[in-house]
Structures are given as C-alpha cells and as structure tokens.
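Here are a few exercises to work through with the model open beside you. Try each one before you read its solution.

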Amino acid sequence: MFPENFILYSIQILLVVVMIAMIIVVIRSYLLHRQPIFKRFGLGMLIGFITDFGDTLGIGSFATTTAAFRMTHYIDDDRKLPGTLNAVHAIPVMFQALFFITAVKVELTTLLPMTTAAVIGAYVGTHVTKKWHAPTVQRVMAVALLIAVIIMVVRMITTPGSNNSMGVHGLHGWWLILGIVFNFGIGVLMTMGLGNYAPELIFFSLMGVNPGVNPAVAFPVMMLDAALIMPTTALNVIKMDRVSWRGFAGVAIGGVLGVIVAAKFFTSMNVDLLNKLIVIVALWTIFGLVRDSMKKNV
C-alpha cells in the first residue's frame, strides 16, 4: 500500500508542477506578447464554467466548447480550434485529476501504461496536424464531433457496463495491451479535437464483457490522461502559434470554478437530459463546420 500511495502522491505533485508550468506559459505570453487573455472575460468564464462542470461529470468539454466558441465567435480562426481546446482546458482538467486520482481505486498497472501511451499519442498528433489548412481542420473537427455524438447516443441507449463487476479495478493481459493501443490513438485524436472521456468510458465499460471491469475505473484514467495530454499538446501548439488567446483567462478560471462545483455533485446528479441537449448542439455545430469548410476561399 505504501508504494502505491507514494506513486499516487507523486502523480499529484507532477500535476501541480505541470499546472504551474502552464500558468507560467500563459503569464509569459501575456507579458511578453500582450496576448488578449482577458478579452471577453465574463463570457469566457461562463463558457469555462459550463463546459468544465459537464466535463467533471463525465460528459466531456470539447463538443460543448466547440459549439460555444462558434456560436459566440469566440475565436476567429478554426485552424486554431483543436489547439485552443487542449490549451484552454488544460488547467481545469488538471484540477479534475487532482480530485479523482485517489477518489476511485484503479490499479497502477492500468493507470500508468495507458496514460503514458496517451501522452505519446498527443505528442505525435500535434506534429501530424501542424500544417493542416482551415477546411481540413473544420472537416476533421466535424468528424470528431460526429464520433463523439455517436458514442454519447450509444451510451444513453445501451448503458454499457451497467451490470459489470464493481470489484475489478484494472485491465490485464491482452485487454491491457488493447487499452494501451487504444489510448495512444485517443492521444492522437485529442489533438484533432476529439475528447477522450466518452470513448474511454465506452472502452472500459465494454471491457466488462470479459473479465468484468468497474466502469468507474475510467474516471481517474481518463482524467489523468486528459490532464497530461492537454498540457503536452498545449505546449507544442503554443510554440507553433496554433492557439487563440482571446479570453483564455476567462475560460480557464471559469473552468476551474466549474470543476470545484461539479465535484460536489459527481455522485448525485442525473446528466441524461444534459447529454441529450449536448447531442443536439453538437449536431448543429457539425453542420456549421462542414458548411464553412465548403465555402470558397476559406
């Protein structure tokens, strides 16, 4: 038990260090380059609070943030949308991971390899997408959102894993290898705008068919994945100038507040109605992305 607790506390320290590093990068960008991180601060706080509130409940934040950004014209260049999603939610998601890393028991032999694979995938993904043009980004974002919508609908209809054993806290053997490969792919896809929460919840739930896995195990894994994927992606895309800074501080601060409030409702809140609303909003956003990608001279 002592080594396990030591590793978990070490991960928490790592998260705090990475969070401080992200804050320093944001402050440095503001001071040296006068980035407009406080512009539209109030709207940004509202977007951050709502999206990261839902994120903490396992809904995810990428689909809702994409919709909010496009409805409010929060960023003016869709090429920067995937990078901005990862960068602006990095700090709130690290707060989430700090809450959940010890709240739900998960075997370190599952947590560490899957998280490492996801981070490597994120590093690879940022380099794969760095030269994409706006129409390509818009179409890939539309496909990513469509995949997220399909996964959300499958979750609402089938509730996979609801009858799984609550006594199993990790993956083993070939299931773990499959999980590592899966998470590498998730790391790549997150840099393209696909959130990791819904896919990982589905993955862990479906793994319950054999040998039987507690779906709650997904929460510390998916949150630690996101907490390390996002800053990995953010630090790369910031160097590549693929982040929109307008209102960055508002979204990040509102997101942290959303995480803190949602953590108190985690075990008692019914999010089915909210899921249905997000599906509708995401479908409308997909239509807008595809429409804009078809415009001449985008």
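**Exercise 1.** Does Asp 77 count as buried or exposed, and at what relative accessibility?

*Solution.* Before we start: this is a predicted model, so local features need pLDDT of at least 70 and side-chain atom pairs count only at pLDDT 80 or more, while totals for chains, interfaces and linings use all residues. Residues are numbered from 1 along each chain as its sequence is written, and side-chain values use heavy atoms, leaving out hydrogens and water.

Step one is the cut-off: buried means under 20% relative accessible area, exposed over 50%, and partly exposed in between (1.4 Å probe, protein chains only). Step two is the value: Asp 77 comes out at 16%, so it goes down as buried. Step three is the location, which is the loop between helix 3 (62-72) and helix 4 (81-88). Helices here are DSSP runs (H or I, at least four residues), numbered from the N terminus.

**Exercise 2.** Find the salt bridge partner of Asp 77 and say how exposed that partner is.

*Solution.* Look for a side-chain nitrogen of Lys or Arg within 4 Å of a carboxyl oxygen of Asp or Glu. Arg 79 fits the bill, with its closest N and O atoms 2.9 Å from those of Asp 77. Next, check the accessibility: Arg 79 sits at 44%, so it is partly exposed. Finally, scan the whole structure, and the search gives 1 salt bridge.

**Exercise 3.** Work out how enclosed helix 3 is, and inspect the residue just after it.

*Solution.* Count first: 9 of the 11 residues of helix 3 are buried, so the rest of the structure largely encloses it. The buried set includes Phe 62, Phe 69 and Arg 70. Then step off the end of helix 3, where His 73 has a positive phi of about 55 degrees.

**Exercise 4.** Describe the largest nonpolar core and pick out its best-connected residues.

*Solution.* Start with the rule: a nonpolar core is a set of buried Ala, Val, Leu, Ile, Met, Phe, Trp, Tyr and Cys residues joined through side-chain atoms within 4.5 Å. The largest one has 54 residues, and Leu 15, Met 94, Leu 111 and Phe 248 have the most contacts inside it. Helix 10 (residues 218-239) gives this core its largest share, 12 residues. Apart from it there's another core, of 6 residues, including Ala 63 and Ile 286.

Now zoom in on Met 94, using contacts (heavy atoms within 4.5 Å). Leaving aside neighbours within four places in sequence, Met 94 touches Leu 15, Val 18, Met 19, Met 22, Ala 227 and Pro 231.

**Exercise 5.** Place Thr 115 in the fold and list what it touches.

*Solution.* Thr 115 belongs to helix 6 (residues 108-128) and is buried, at a relative accessible area of 4%. Not counting residues up to four places away in sequence, Thr 115 contacts Asn 183, Val 221, Leu 224, Asp 225 and Leu 228.

**Exercise 6.** Sum up the whole chain, then say where the predictor's confidence drops under 50.

*Solution.* The tally is 12 helices and 0 strands. Of the 298 residues, 54% are buried. For confidence, use pLDDT, which the predictor gives each residue from 0 to 100. The chain's mean is 78, with 75% of its residues at 70 or more. Residues 161-168 stay under 50, yet the model has 16 contacts for them beyond four places in sequence. Residues 209-215 are below 50 too, with 22 contacts beyond near neighbours in sequence.

Technical notes. Helices (H or I, at least four residues) and strands (E, at least two) are DSSP runs, numbered from the N terminus.
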